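I opened a notebook page for this structure and kept the entries short. Each entry records what I looked up and what I found.

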Amino acid sequence: MPKPKFLDAENLFENAMGYARKESNKISGIRNKKRLIYSKEKAKINLMGEYITNKLEVYITSFPVISQLNQFQKEALSALIEIKEFKKELGYLYKLNTVMKNLKKKNLSSMRKSDNPEKTRKVFYGRMMSLKKDVVRSVEKLNETGRKLREIPEIKIIPSIIVAGFPNSGKTTLLERITGSKPEIAAYPFTTKKIELGYFTDKYKEMQVIDTPGLLDRKEEERNLIEKKAINALKNLEGIILFVVDLSEASYSLEEQKNLLEEIKRLGKKIVVALNKKDLASEEQAENGEKIFSEFELIITEKEDKNLKEKVIEKMT
Ligand SMILES: Nc1nc2c(ncn2[C@@H]2O[C@H](COP(=O)(O)OP(=O)(O)O)[C@@H](O)[C@H]2O)c(=O)[nH]1
Ligand SMILES: [Mg+2]
């Protein structure tokens with residue numbers, strides 16, 4: 001997703017005038033005084049106008065086109081901002097920019113007919129400055145939107161393994177082992193939490209592993225609207241849920257873990273249960289685990305399991 005730029009609109013107009021003054025002062029070599037003044041004033045209109053409209057153009061086009069976003073990004077966006085408002089605001093700023101471009105044209109053409117170029121330039125500056133408040137207000141709103149948009153994680157729309165389970169069950173460890181790399185940590189815009197992303201290739205096909213700490217390990221009714229939207233977005237990804245169980249029950253009992261899994265079933269995705277930390281579990285815990293989760297496809301994951309990746313891929317297809 002394109003990353004929106006930040007623009008300091010408050011100083012934009014003053015900077016434009018400073019720039020125009022400085023650059024137009026460099027104009028020399030015109031003997032005729034009247035012609036020299038005309039050249040300088042004309043340059044000021046051009047420079048001041050272009051400085052602002054070019055900056056705004058770059059700024060406006062740095063924002064994403066909603067229709068080009070993927071489903072996850074759209075969901076994430078709509079959880080963060082009012083999309084309709086955003087479109088309106090961007091359209092408004094675009095219009096303001098067009099107004100300023102036209103002002104420049106108009107004043108340049110009236111300057112040709114005028115015998116007081118300085119006055120025409122001042123009129124132009126005045127008209128531009130009268131738009132400043134609107135531009136600043138609009139840019140400030142869009143800056144705020146841009147700040148939020150920059151935080152949306154780059155989740156790809158490709159087959160994915162969504163890792164779920166209680167904290168400390170071994171999710172991140174599994175993600176690292178499946179993808180063979182440290183996960184990328186993406187800032188997660190919905191809460192203060194982070195999303196962990198990992199990638200691997202299976203027979204030329206890229207796969208994504210997503211760990212969403214703090215998102216899927218709670219009851220439906222404890223989730224806020226934004227989290228629900230995020231979870232909804234996860235549904236749009238093709239793939240499976242890999243539910244990680246800590247067999248050793250270090251933090252949560254097997255029953256509690258089963259209850260969480262019942263919640264996650266609501267996502268309506270294929271679920272594979274990874275019975276993890278077998279090396280730390282008693283024989284009884286291991287047996288219980290297999291019993292309690294017997295309705296699901298199981299893989300037993302131990303720390304030194306070399307075929308883990310193959311096991312998971314096999315379950316995905
Ligand atoms: N003994 C043992 N420790 C594990 C296993 N899997 C993960 N751990 C450890 O359990 C702790 C929590 O793992 P982590 O992947 O961070 O859990 P997460 O909170 O679900 O992401 C870490 O100290 C891991 O090294 C396992 O199969 N056996
Ligand atoms: Mg983790």
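The entries below cover the ligand site, the aromatic pairs, two helices, two backbone angles and two distances.

**Entry 1. Status of the model.** I noted at the start that this is a predicted model.

**Entry 2. Ligand 1.** I first asked which residues are closest to ligand 1. The shell holds 13 residues, and the closest are Asn168, Lys171, Thr172, Thr173 and Asp279. I then sorted the shell by class and got six polar, four charged and three nonpolar residues. Helix 6 (residues 171-179) gives the largest share of this shell, with three residues.

I went on to the polar contacts of ligand 1. For asparagine 168, a backbone N or O atom sits 2.7 Å from an oxygen atom of the ligand. For lysine 277, a polar side-chain atom is 3.2 Å from a ligand oxygen atom. For aspartate 279, an N or O atom of the side chain is 2.7 Å from a nitrogen atom of ligand 1. I also looked up the area: ligand 1 exposes 580 Å² when taken alone, and the protein buries 73% of that.

**Entry 3. Aromatic pairs.** How many aromatic pairs are there? I have five on the list. I took phenylalanine 63 with phenylalanine 86: the centres are 5.7 Å apart, the planes are at 40 degrees, and the pair is tilted. This pair links distant parts of the chain, 23 residues apart. Phenylalanine 63 is in the loop between helix 2 (33-61) and helix 3 (71-80), and phenylalanine 86 is in helix 4 (residues 83-113). Both phenylalanine 63 and phenylalanine 86 are buried.

I next took phenylalanine 166 with tyrosine 252. Why does this pair of phenylalanine 166 and tyrosine 252 count as stacked? The ring centres are 3.8 Å apart and the planes are at 10 degrees, so the pair is stacked; the cut-off for stacking is under 30 degrees. Phenylalanine 166 belongs to the loop between strand 1 (160-164) and helix 6, and tyrosine 252 to the loop between strand 5 (239-246) and helix 8 (254-264), so the pair ties together parts 86 residues apart in sequence. I checked burial for each partner. Phenylalanine 166 is buried at 13% relative accessibility, whereas tyrosine 252 is partly exposed at 28%.

I also noted a cluster: ring pairs link Tyr59, Phe63 and Phe86.

**Entry 4. Helix 9.** I asked which residues of helix 9 (residues 283-292) are buried. They are Gln285, Ala286 and Gly289. These buried residues cover an arc of only 100 degrees around the axis, which puts them on the same side of helix 9. On the face turned away from that side I found the exposed residues Glu283, Glu284, Glu287 and Lys291. I kept a general reminder here: an α-helix has 3.6 residues a turn, so residues three or four places apart point the same way.

**Entry 5. Helix 10.** I repeated the lookup for helix 10 (residues 308-316), where Leu308, Val312, Ile313, Lys315 and Met316 are buried. Seen down the axis, the buried residues of helix 10 fall within an arc of 160 degrees, so they line one face of the helix.

**Entry 6. Positive phi values.** I looked up two residues other than glycine with positive phi. Lysine 203 has phi near 45 degrees. Lysine 203 is in the loop between strand 3 (194-202) and strand 4 (205-211), and it is exposed, with a relative accessible area of 69%. Glutamate 249 has a positive phi of about 55 degrees. Glutamate 249 is in the loop between strand 5 and helix 8, and at 29% relative accessibility it counts as partly exposed.

**Entry 7. Two C-alpha distances.** How far apart are the C-alpha atoms of glutamate 140 and alanine 250? They are separated by 49 Å, and the two residues are 110 residues apart along the chain. Glutamate 140 lies in helix 5 (residues 117-149) and is partly exposed, with a relative accessible area of 47%.

For the second distance I took isoleucine 158 and lysine 205, which are 47 residues apart along the chain and have their C-alpha atoms 9.0 Å apart. Isoleucine 158 is in the loop between helix 5 and strand 1. With a relative accessible area of 17%, isoleucine 158 is buried.

Notes. Residues numbered from 1 in each chain as written. Chains lettered and ligands numbered in written order. Predicted model: local features only at pLDDT ≥ 70, side-chain atom pairs only at ≥ 80, totals over all residues. Heavy atoms only, no water. Buried < 20%, exposed > 50% of the residue type's maximum accessible area, 1.4 Å probe, protein only. Helix = DSSP H or I, 4+ residues; strand = E, 2+ residues; numbered from the N terminus. Arc of directions from axis to C-beta. Near = heavy atom within 4 Å. Polar contact = N/O pair within 3.5 Å; in protein donor to acceptor, adjacent residues only side chain to side chain. Areas by Shrake-Rupley, 256 points an atom, 1.4 Å probe, with all protein chains shown as cover. Nonpolar A, V, L, I, M, F, W, Y, C, P; charged D, E, K, R; others polar. Phe/Tyr/Trp six-rings, centres within 6.5 Å; stacked < 30°, edge-to-face > 60°.
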